[in-house]
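Student: Hey, I've got a structure open and I'm a bit lost. Can we go through it together?
Tutor: Sure, let's pull it up and start with some helices.

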Amino acid sequence: MATPSVPIPNRVEGVVDQTPPRTFAGTYLEVIHDWVVTVDHKKIGIMYISYALIFMLVAGIEALMIRAQLFFPENHLISPFVFDRLFTMHGTTMVFLVGMPILLGFGNYLIPLMIGARDMAFPRLNAFSFWISAFAGLMLYFSFIGGNGLTGTGTAPDVAWFAYAPLTERAFSPGHSTDYWALALIASGIGSIGTAINILATVFSMRCKGMTLFRMPLLVWLYTVVSGMVLITISPLTACQAMLTIDRYLGGHFFDTQAGGSAILWAHFFWIFGHPEVYILVLPAFAFANEIIPVFSRKAIFGYPAMVAASVGIGFISLGVWAHHMFTMGMTSFGNAFFTLSTMLVAIPTGIKIFNWLATIWGGRVRFATPMLFAVAFLFQFLIAGLTGIMLSVSPWNWQLHNSYFVIAHFHYVLVGAIVFMIFSAIYYWYPKMTGRMLDERLGKWHFWLMLIGFHLTFDVMHIPGLLGMPRQIYTYEADRGWAIWNQIVSVGGLIQAIAVAVLVYNLVHSYFKGREAGPDPWDAWTLEWSTHSPPPAYNFASDPVVASRRPLWDLKHPEDPDSAFE
Amino acid sequence: MGTVPLEHIEHPEAWKLPSRGYVAMSSLIIAESAIFTIFVVAYLYYLGRDVSGPTPREVLELPIFGTVCLLSSSFFIYLAEHAITVGKMGAFTLWWAVTIVLGLIFIIGTGVEWDKLITHDHLTIATNLFGTTFYSLVGLHASHVIIGLIMLLITLVFALTGRLNPTHAERVKVLALYWHFVDAVWVVVFTVVYIVGR
Amino acid sequence: MFRVRVIPVLLGCMAASCSQAQSGSPFVNTNIFEPVSTPAHDVHALSLFVLTITGGIFLGVSSLLVYALIRFRCRPDDKTEPPQVFGSTQIELAWTIIPVLLITVLFLGTARMIFAIQDAPKPANALDVIVVGHQFWWEYRYPKYGVVTANELHVPQSTKEHPLPTFLKLTSADVMHSYWVPRLAGKTDVLPNRVNELWFDPHIPGVYLGQCAQFCGPEHAKMLLRVYVDPPNKFEAWIKAQQQAQTELPEEGMRDQGSGIRGAATGGATVVRVNAQAVNAAQSSNDVNAHTGQMVFERQACVNCHTVKGTMANGRYGPDLTHLMSRDTIGAGILPNNQQNLVRWINDPNDFKPGCLMPAMHLTDEQNEQITAYLLTLH
């Protein structure tokens, strides 16, 4: 058996399991069958994450194609019809088939382990949620070969990821592209709501003894807030899809402007979903940071109660900012002022979180392993993303910046610079727990530096065409606009990021077979998942753990200075 | 070095957490409330904006009888919940069946109302904004009632075949919570559609 | 291990250098930091204010981060754990209150600007223009003058001494669009079944570029905007020219020099005068072709979509062509307006703008030339 990096001095009864994992000796078919019928949260979590990584590659290729077309002005590499499908699918895929699954996958894997539970509250619902989400993705991508088939441009959605009405009404989108979009998102939404219900039931009803709500790891808190938000915000999206389908197939008039319907109503309903959705995507990134930064700074998280309050605060405030996507639609000046204020208010709890991370690092002993490199980049990048968000919240300036490349730069700064970077950090951090092997550190550093350079080349520079008047979702641009050089730099950065991701994929596969054995606790961490074997046995814990503080393993390793003395 | 953690648990046996069934059903109710809210908002927003076709005042009649049945079914299902908690399976089966019957009366009433609207008043989902929002909202509620009735019916079958006993009380109460939610939504829908909207 | 982040400052520098770019380096006519009109100026000033605050925040927080990462990095042989600090009420209070104050300042400055721009009073002499967004072109109507045109907007210059702002009313005939000419004002969306408003008062004459800024279908990218800011007398002349109607062109040998109804130009009434220029142009170009072209134009389906005022062409679906030759571009700003492009455009618009709603009429080359000859007379 492997030697852990820091030997755990004593084993508390029931918390640590000494049995070596059962090796599965079966045929390929038996292994596949085992995974298909599993209700084990760990396997389901891994399936979510793998599914998301595959779609990340697909959506990344779509992005590279977009960047190739925009490399030259008046380029004829890709027709407008294909281009419209590419950017619609890139956005839809990244949000619903990459972002949601990978974050819910990590939640699925980690939450029961972190709270000392045997599995999620409803394992079969868990499996159902995964499979309906998987089906949704396959249905969405089937659209490429449905319709006209491979000879035409297919009927993949081409109405932008937010599908504004009335462009999506039958009159303006007679094909089936919109229908694939609506149906796939309804299915995926059902899966997300199922997982949210599961997470809430698990967190509230299955914590081990001693783990009060204020002793849960912050990751679990953040996923609780995320799940609450999912419940409230996915339903508006489902309502949108239902209304759109009623219009398209039953002759309804929800968004039929000829019959008195309203285009702005779609925008309201969609963004009531859409804005909290991006907080649903970013809160798990905060969750990972809350676990990783303390471990690599060798200090407890600074201000745990404030972090809880800030997370809940962000959840609530984010429900009230949606119309900052609609500043240009002709709301009254009072409406614009209100949403400017509410959007700016989000900055306060978010700022508190950044300061708390800074204070966690302050006075620590920072170790720059690969997870920490990505986490540090996250801190800088999320700070910048938040500040460009403040710029966008300023309603009059928004009237210039809205729907320009400045907005694309801002939200990619959050989605890639904050969320994807923290996903990478989480992968390096928890891969050893999931597979029993360490990812290669040298390859990890190559991945990090390539990603950093590529990311900044693309998304720092991308702000500039926005300031110079370049709108988004255009398949080409005039040569005399002065945007070409900036587009070229952005595209080159995209290529570099692609190479970085290729390094990661190689690392993931190679280390699975040849990686250094990890042992239960390679990072010398403090939460309950590190007290199990790597990978954990199917039942997680041989008997239910009992905890007395927020960092049960710290208490074990430092009996002279346990956290429980301070709580 | 022993079981350090246990020192701080005053009453380890008093570690009581909410039941996962209740948490799950409450979460589902929150999600469903959100979708109903959106359809209600759409209904209210489009009031008076029709360019043609029948208006609510012209064609809607208050569904008093159906409403009374549905809302009183909440009382009867509460009686059923109480009965199973104290172990009276016979009483439980009776009140549970009454609840189902009342729900069925409501649904049939809705069907009759829609038949009148479609054949007599020529109001369909495609007629105008009122038609679209009315059938969507009331239909969304009716579909939730039907799903509830199916679940109640399955439970009744279990009860009649002797498979249900007081150890299942909590699960039954979780299901009843759903039924109470459906009734509460009807209060909102009724007010918005038949009172405010007319 | 650390990076210095100067992105907002860099952005500010680049923006400033772009605005210096008039002298020598390529000038970007859609730069939001090059305002020529009050709303754009106001936004520019506000943006500098916001950049200062956010730049300050960035420098402050990132320098602390950089410092912490260097100062508190783990020394190679150090295996000890640092003192565990769980929080500090005073510090946490401080870094809650300071952001609240910053947000208050930021919001108050912003709110003032929102009301100043959106609720600006409309002076009595303001020019009214109705803008109708279509897939994929722009329709302009001047109700006071009875002028209808497309794709190229003419507005008068507005100076401090003689303010003459233009107030646009925006609506859409089909899907959502957005009207964005960065140097004049922020964008305003163009919605069906709704009228939005936008105003600007450009003080430097010239041509200002923009384009549709809300995805509206396949040719969203080619729905360009050209705003011509004319000195007042030039604007008056343009209006007068636009108010004239065309006529049915005479057949060869039957030239009619001056008939037509002369009416007074009062507000709202249309002025109908013979466009003598067009008649002369018809004379000097290939007369047979232009007249034949008009017949082809009127007998093919062109008149179903296009209007030429004063003739029987009265279609409303496509751009008004009455004074087509007064425009620099065709296709909503994407092609120079000349004979060659006109012929190719009529032959198949999808060559230039795949997905645009004007169909290829499948006419012969000769018919294309004839129609073009006719269009060339529409000054």
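Tutor: Look at chain A: A:Ala289, A:Ile292, A:Ile293 and A:Phe296 in helix 7 meet A:Pro371, A:Met372, A:Ala375 and A:Phe378 in helix 10. Two residues are in contact here if their C-beta atoms, placed from the backbone, lie within 7 Å. Helices are DSSP runs of H or I with at least four residues, strands are runs of E with at least two, and both are numbered from the N terminus.

Student: How do the residues of that contact divide into nonpolar, polar and charged?
Tutor: Eight are nonpolar, none polar and none charged. Nonpolar covers Ala, Val, Leu, Ile, Met, Phe, Trp, Tyr, Cys and Pro; charged covers Asp, Glu, Lys and Arg; the others, Gly among them, are polar.

Student: And at what angle do the axes of helix 7 and helix 10 of chain A cross?
Tutor: Roughly 115 degrees, and the axes come within 10 Å. The axes are lines fitted to C-alpha atoms, for helices over the stretch in contact, with angles from 0 to 180 degrees between N-to-C directions.

Student: Is this an experimental structure or a predicted one?
Tutor: It's a predicted model: local features need pLDDT of at least 70, side-chain atom pairs count only at pLDDT 80 or more, and totals for chains, interfaces and linings use all residues. Residues are numbered from 1 along each chain as its sequence is written, while chains are lettered from A and ligands numbered from 1 in the order in which they are written.

Student: What ipTM and pTM does the complex get?
Tutor: Both are 0.92. For chain C, the average pLDDT (the predictor's confidence in each residue, from 0 to 100) is 86, and 83% of the residues score at least 70.

Student: Where in chain C does pLDDT stay under 50?
Tutor: Residues 1-9 are one such stretch, with 18 contacts beyond four places in sequence. Over residues 253-274 of chain C the pLDDT is below 50 too. Where pLDDT is low, don't read the predicted coordinates in detail.

Student: Ok, new topic. How many residues does each side give to the contact of chains A and B?
Tutor: Chain B gives 35 and chain A gives 42. On the chain B side, helix 1 (20-46) and helix 5 (129-160) each give two or more residues, and the largest share, 13 residues, comes from helix 1 of chain B.

Student: What about sheets, what order do the five strands in chain C take?
Tutor: They form an open sheet in the order 3-2-1-5-8, with mixed pairing. Strands pair if DSSP finds at least two bridges between them. Strand 3 (147-150) and strand 8 (196-200) of chain C are at the edges with a single partner strand each, so one side of each has no neighbour in the sheet.

Student: In which sense do strand 5 and strand 8 of chain C pair?
Tutor: Antiparallel, over five bridges. C:Lys169 stands opposite C:Glu197 in strand 8 of chain C.

Student: Any odd backbone spots?
Tutor: A few. The bond joining A:Ala165 and A:Pro166 is cis, with omega about -10 degrees, and A:Pro166 is in the loop between helix 4 (123-142) and helix 5 (177-205) of chain A. C:Ala332 has a positive phi near 65 degrees, and so does C:His362, near 55 degrees. Most residues other than glycine have a negative phi, and most peptide bonds are trans.

Student: Is C:His362 buried or exposed?
Tutor: C:His362 is exposed, with 9 other C-beta atoms within 10 Å, whereas C:Ala332 is buried, with 24. Buried means 20 or more other C-beta atoms within 10 Å of its own, exposed means 12 or fewer, and partly exposed is in between, with C-beta atoms placed from the backbone.
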